[in-house]
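Colleague: I am new to this one and would like to learn how to read it. Could you show me the model and take me through it step by step?

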Amino acid sequence: MRAQPAASHFIDGEYVEDAAGTVIESVYPATGEVLARLHAATQAIAERAVASARRAQVEWAAMSPTARGRVLRRAADIMRERNRELSELETLDTGKPIQETIVADPTSGADSLEFFGGIAATALNGSHIPLGGDWAYTKRVPLGVCVGIGAWNYPQQICCWKAAPALAAGNAMVFKPSETTPLGALKIAEILVEAGLPRGVFNVVQGDRETGPLLVNHPDVAKISLTGSVPTGRKVAAAAAGQLKHVTMELGGKSPLIVFDDADIDSAIGGAMLGNFYSTGQVCSNGTRVFVQKRIKEQVLSRLKERTEKIVIGDPMDEATQMGPLVSRAQREKVLDYIEKGKAEGARLVTGGGIPNDVSREGFYVQPTVFANVTDGMTIAREEIFGPVTCVLDFDDEAEVIERANATEFGLSGGVFTRDLSRAHRVVDQLHAGTLWINTYNLCPVEIPFGGSKQSGFGRENSAAALEHYTELKTVYVAMDPVEAPY
Ligand SMILES: NC(=O)c1ccc[n+]([C@@H]2O[C@H](COP(=O)([O-])OP(=O)(O)OC[C@H]3O[C@@H](n4cnc5c(N)ncnc54)[C@H](O)[C@@H]3O)[C@@H](O)[C@H]2O)c1
Ligand SMILES: C[N+](C)(C)CC=O
Ligand SMILES: [K+]
């Protein structure tokens, strides 16, 4: 299986190589085969990418928002036409089943390009402020060169979620994909140019934790948008603060999903399974602490076990496969370690807990796993696992569950399943998180803001709100009369 791109980087409208950079291999997680061999950006490549973005941004920002939007909308159309090809590439790079990538990955990227292309002409307006005889106006201006840094779980979606609002607002971008999944962003760069994007407005450089700082610390970079873990977020935010750069931080979570005893139980279980097993559990907003009210606990667990054991695990390229491997060997080790900790700390293993049979031994598979009797202090209830591991915790009443749900450093998301309308709104109102769901979980359409509070980050992606994070206000005071000076 090969998916070797023409070169490692995409700068100023073309593929660029510098073999002096350390080797990065993209591995197909289902078999361990090497798909592509790339090079991390050297200092020279990082300089070239930022310089190209800086040059191109001036011309791009001078175009009308409608003209910029047209390019993004064309790129969205091309992504949809090539959905199959892009989805297959995403499946190879991440190991996520084609049944998911075909509906969720390039499609979500295209939605973002279409949405921001569409609102560019109206959402960037300033305001007019009457001041008696005088008046003022505001303009929303781009920041300049923005850097996007991606995680490996949704490589194409993350790339578009950052590029689309940044470009719509008149910025240029240098995007660094995760070293684990370097391939999709290069295709998106190609498509943007094909759609008419001026050369240099969107550039891709490869690299890892050594490369990121070359971009983050570059004096010509105005903003960094990171999707990644909390420890990386702290490092990047600290580096950006040194030069007072703007940042958006989309970080990790350990989100609560609360099931009250009046809920539609099958629907709640469906939500909990999607919110724990989709993308083999590698989703930042997953509801990995499932709080179940005691009266329905055993009923929920037996149904959850039955449904979990029917999940079809296998070759991600097979349309029938519902769950693929984890993204890397290292991620599998990490998840298996957490499973062992769960057993050792006394959680009750309901199902899963190991490596499945009947799949390639070279792939990075883990069984979908459910733990019950999980208590708040256990490691598996406190730390982000980022794998298919559900922790079920019991609770008695509403006040108790709200307090326990909030007792975490994270604040990305949360969900409530109940048929009691007042309770649903009352509970989500008290949960400390950026995105909350009532009677569903993990839906993130482009129209609604997405992002975290507390240690899960700040700034929002998607919706018109994202444009605020890629622009700043310029205020102009206009005097209508001569200046009256007392001296
Ligand atoms: N909130 C969200 O939208 C969201 C979405 C997806 C993933 N995530 C989070 O991402 C994490 C998993 O992804 P990961 O393992 O790729 O995260 P990670 O933090 O290891 O890496 C993220 C990116 O940062 C880069 N990086 C690492 N150190 C850096 C540094 N010092 N300077 C600049 N760049 C640096 C990496 O090369 C990678 O591209 C999880 O915690 C998950 O919750 C969050
Ligand atoms: C943003 N989301 C939830 C789709 C993917 C996060 O990992
Ligand atoms: K890979």
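Modeller: Gladly! Keep in mind that this is a predicted model. Let us start with exposure: a residue is buried under 20% relative accessible area, exposed over 50%, and partly exposed in between. Val27 has 23% relative accessibility, so Val27 is partly exposed.

Colleague: And the residue just before, is Ser26 buried or exposed?

Modeller: Ser26 is buried, because its relative accessibility is 0%. Both residues also belong to a metal site: the potassium ion (ligand 3) is coordinated by Ser26 through OG and by Val27 through O.

Colleague: Which other residues coordinate the potassium ion (ligand 3), and at what distances?

Modeller: Asp93 and Thr180 each give an O atom, and the donor distances run from 2.6 to 2.9 Å. Along the chain, the donors follow the spacing S-V-x65-D-x86-T.

Colleague: Let us turn to helices. How should I read one?

Modeller: The general idea is that an α-helix has 3.6 residues a turn, so residues three or four places apart point the same way. Now take helix H7, residues 184-194.

Colleague: Which residues of helix H7 are buried?

Modeller: They are Gly184, Ala185, Leu186, Ile188, Ala189, Ile191 and Leu192. Look at Leu192 in H7: its relative accessibility is 1%, so Leu192 counts as buried. The C-alpha atoms of Leu192 and Leu113 are 9.9 Å apart, although 79 residues separate the two in sequence.

Colleague: What follows H7?

Modeller: Gly196 follows H7, and its phi is positive, near 110 degrees.

Colleague: How should I read a positive phi?

Modeller: As a general guide, most residues other than glycine have a negative phi. Gly196 is a glycine, but there are two cases here to look at in residues of another kind. Thr280 has a positive phi of about 50 degrees without being a glycine. For Asn373, also not a glycine, phi is positive and near 55 degrees.

Colleague: Where do Thr280 and Asn373 sit?

Modeller: Thr280 is in the loop between helix H10 (265-277) and strand E13 (289-293). Asn373 is in the loop between strand E15 (369-372) and helix H13 (379-382). As for exposure, Thr280 is buried, because its relative accessible area is 0%. Asn373, at 31% relative accessibility, counts as partly exposed.

Colleague: Now the ligands, please. Which residues come nearest to ligand 1?

Modeller: Of the 27 residues around ligand 1, the nearest are Gly150, Glu179, Ser229, Thr232 and Glu384. By class, this shell has 12 nonpolar, 9 polar and 6 charged residues.

Colleague: Which polar atoms should I look for around ligand 1?

Modeller: Try the oxygen atoms of the ligand to begin with. A polar side-chain atom of Ser229 is 2.7 Å from an oxygen atom of ligand 1, and a polar backbone atom of Gly228 is 3.2 Å from an oxygen atom of ligand 1. On the nitrogen side, a polar backbone atom of Leu251 lies 2.8 Å from a nitrogen atom of ligand 1. On its own, ligand 1 has 850 Å² of accessible area, and the protein covers 91% of it. Helix H8 (212-216), strand E10 (223-227) and helix H9 (230-242) are the elements that give two or more residues to this shell.

Colleague: Why does ligand 1 lie between domain 1 and domain 2?

Modeller: Because domain 1 (9-251) and domain 2 (256-438) both give residues to its shell. The same reading works for ligand 2: both domains give residues to its shell, so ligand 2 lies between them.

Colleague: Which residues are around ligand 2?

Modeller: They are Asn153, Tyr154, Gln157, Trp161, Val283, Cys284, Ser285, Cys444 and Phe450. Alone, ligand 2 exposes 250 Å², and the protein buries 91% of that. The shell has 6 nonpolar and 3 polar residues, with no charged ones. For contacts with an oxygen atom of ligand 2, look at a polar side-chain atom of Asn153 at 2.8 Å and a backbone N or O atom of Cys284 at 2.8 Å.

Colleague: One last residue: where is Ser463?

Modeller: Ser463 lies in the loop between strand E19 (457-458) and helix H16 (465-468). Its relative accessible area is 5%, so Ser463 is buried. In sequence, Ser463 and Phe115 are 348 residues apart, yet their C-alpha atoms are 8.1 Å apart in space.

Note on methods
Residues numbered from 1 in each chain as written. Chains lettered and ligands numbered in written order. Predicted model: local features only at pLDDT ≥ 70, side-chain atom pairs only at ≥ 80, totals over all residues. Heavy atoms only, no water. Near = heavy atom within 4 Å. Polar contact = N/O pair within 3.5 Å; in protein donor to acceptor, adjacent residues only side chain to side chain. Areas by Shrake-Rupley, 256 points an atom, 1.4 Å probe, with all protein chains shown as cover. Nonpolar A, V, L, I, M, F, W, Y, C, P; charged D, E, K, R; others polar. Domains from an automatic or database assignment. Donors = N, O, S within 2.8 Å, 3.2 Å for Na, K, Ca; no water. Buried < 20%, exposed > 50% of the residue type's maximum accessible area, 1.4 Å probe, protein only. Helix = DSSP H or I, 4+ residues; strand = E, 2+ residues; numbered from the N terminus.
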